[in-house]
Amino acid sequence: MKVTLSALDTSESSFTPLVVIELAQDVKEETKEWLKNRIIAKKKDGVRRLLTSGIVIQVFPLHDSEALKKLEDTWYTRFALKYQPIDSIRGYFGETIALYFGFLEYFTFALIPMAVIGLPYYLFVWEDYDKYVIFASFNLIWSTVILELWKRGCANMTYRWGTLLMKRKFEEPRPGFHGVLGINSITGKEEPLYPSYKRQLRIYLVSLPFVCLCLYFSLYVMMIYFDMEVWALGLHENSGSEWTSVLLYVPSIIYAIVIEIMNRLYRYAAEFLTSWENHRLESAYQNHLILKVLVFNFLNCFASLFYIAFVLKDMKLLRQSLATLLITSQILNQIMESFLPYWLQRKHGVRVKRKVQALKADIDATLYEQVILEKEMGTYLGTFDDYLELFLQFGYVSLFSCVYPLAAAFAVLNNFTEVNSDALKMCRVFKRPFSEPSANIGVWQLAFETMSVISVVTNCALIGMSPQVNAVFPESKADLILIVVAVEHALLALKFILAFAIPDKPRHIQMKLARLEFESLEALKQQQMKLVTENLKEEPMESGKEKAT
């Protein structure tokens, strides 16, 4: 970025910029003047068009150093078990990011009952069938109740922020959308137009086969992992040493690392494909991206566990694989998402300070340093990856809870550090994102609810496969299957009954919303009555004028 030092000259004014716009190096002066006029006239489409054409490289708001310092002091600089300042986070970053941190905090505390019950269960009653069923049943009820109670907590927050009844605004074309210039039949504005059938052809003839190919490759890697498990087990049985007993965990650790690498590589490919599909709206782009990534991540992370549970039927290997995958993925996520970027950012900050100190120009060095430093920061791409991490964690905890009750305890330990590492990431690693209003966590609520339904099926199947249950039906497997299916349907019915019985909004919020609707209707009626009264007054005056004429 070519920096104009005169723009930062302290002799001109005390103006502090709120947003930085980085232009390409070869931009003409006429283009800069046109952009300045569009900004003054508050025409948002100007910046969007320049982003699409590559003339504008990036647009980002600067961090408010004073406000950020106050937020950090109450958020993460002092490590302690306390509630997050969600309202302060909302004031600085906006509702969307505040809702994520609110959900992370809520989900962490909601995991504590599972962790408290799971720890003694794991230590003392591992093979006790009665406790086995009780713990799984508790998990199924727990997963439903926490998601329904979150809706109520979310409604409390968004009502307080004024976004609960936020209407979906009309979306402008997203940056990157291209096509032949034409007139939009709905808005009447000139914008790029792209035929829908071309987009569908790209989706079904390119994107879908590519996703299927990636899923096949994921399964192929999974089978290589099982070959490694067989090799490690054979080596241990032949030698029987302590060294080979440790070696038994190596295949799972390697596989967990490979899963993380594949997830990240696939994410880049999914983003490229979804962008290439040329979706007009940002919401359509996000929906297609989420679908691609969720399908692959679910299969990539959980396929091996399903294979071990229902094909190999090896509960010992299932516990070992689940524990290794969960712990390894959590450690890798902490390193890759927060600590490594923070370390790189600190190194870059040192280089920028040296560069600023070497300048002899009469400029506001502090502002210049901030602009240069934040320009090179990573761009926060939204809460997608953060919710995805919690979604996969929820799957590890709920899908096979009766096999490995310690999963919730490890998730709690991880999330207590996740709160602080994510806060550090938002404040010191990434550029400050533009705030976005939100009424809820969107499609992720449905994703978590779907995972909880799948967990009912998997836990019932695991209980049906247990030796204790099979001993009750030694000869009639058909009866066992029918009973397991009946129990599974009963638990699903209980889940839906609980979901229906627990209102999405607390009673006091419902009352306030009803009162607000009543007052709005009354105000509308009074406005209509006022207009009618004025019209009636005008009619005699007009008739009197006609008679006089």
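In this predicted model, the charged end of K431 sits over the ring of F60, 5.6 Å from the ring centre. A second such arrangement involves R174, whose charged end sits over the ring of Y285 at 4.1 Å from its centre.

Rings also pair with one another: the count comes to 31 aromatic pairs. Two of these pairs are set out below.

| Pair | Geometry | Centre to centre | Angle between planes |
|---|---|---|---|
| Y100 and F101 | edge-to-face | 5.0 Å | 65 degrees |
| Y225 and Y255 | stacked | 4.4 Å | 10 degrees |

Y100 is buried, with a relative accessible area of 1%, and F101 is likewise buried, its relative accessible area being 1%. In the stacked pair, Y225 belongs to helix α7 (residues 196-239) and Y255 to helix α9 (residues 250-276), so the pair ties together parts that are 30 residues apart in sequence. Y225 has a relative accessible area of 2% and is buried; Y255, at 3% relative accessibility, also counts as buried.

The packing of two helices completes the description. Helix α10 (residues 282-312) packs with helix α15 (residues 443-465) at an angle of about 10 degrees, and their axes are 13 Å apart. Because angles under 35 degrees count as roughly parallel, α10 is roughly parallel to α15. On the α10 side, the contact is made by I290, L294, F298, F302, F306, A309 and F310. The α15 side contributes V443, W444, A447, M451, I454, T458, A461, L462 and M465. By class, this contact has 15 nonpolar residues, 1 polar residue and no charged residues.

Technical notes. Residues numbered from 1 in each chain as written. Predicted model: local features only at pLDDT ≥ 70, side-chain atom pairs only at ≥ 80, totals over all residues. Heavy atoms only, no water. Axes fitted to C-alpha atoms, helices over the stretch in contact; angles between N-to-C directions. Helix = DSSP H or I, 4+ residues; strand = E, 2+ residues; numbered from the N terminus. Parallel < 35°, antiparallel > 145°, perpendicular 65-115°, else oblique. Contact = heavy atoms within 4.5 Å. Nonpolar A, V, L, I, M, F, W, Y, C, P; charged D, E, K, R; others polar. Phe/Tyr/Trp six-rings, centres within 6.5 Å; stacked < 30°, edge-to-face > 60°. Buried < 20%, exposed > 50% of the residue type's maximum accessible area, 1.4 Å probe, protein only. Lys NZ or Arg CZ within 6 Å of the ring centre and 35° of its normal.
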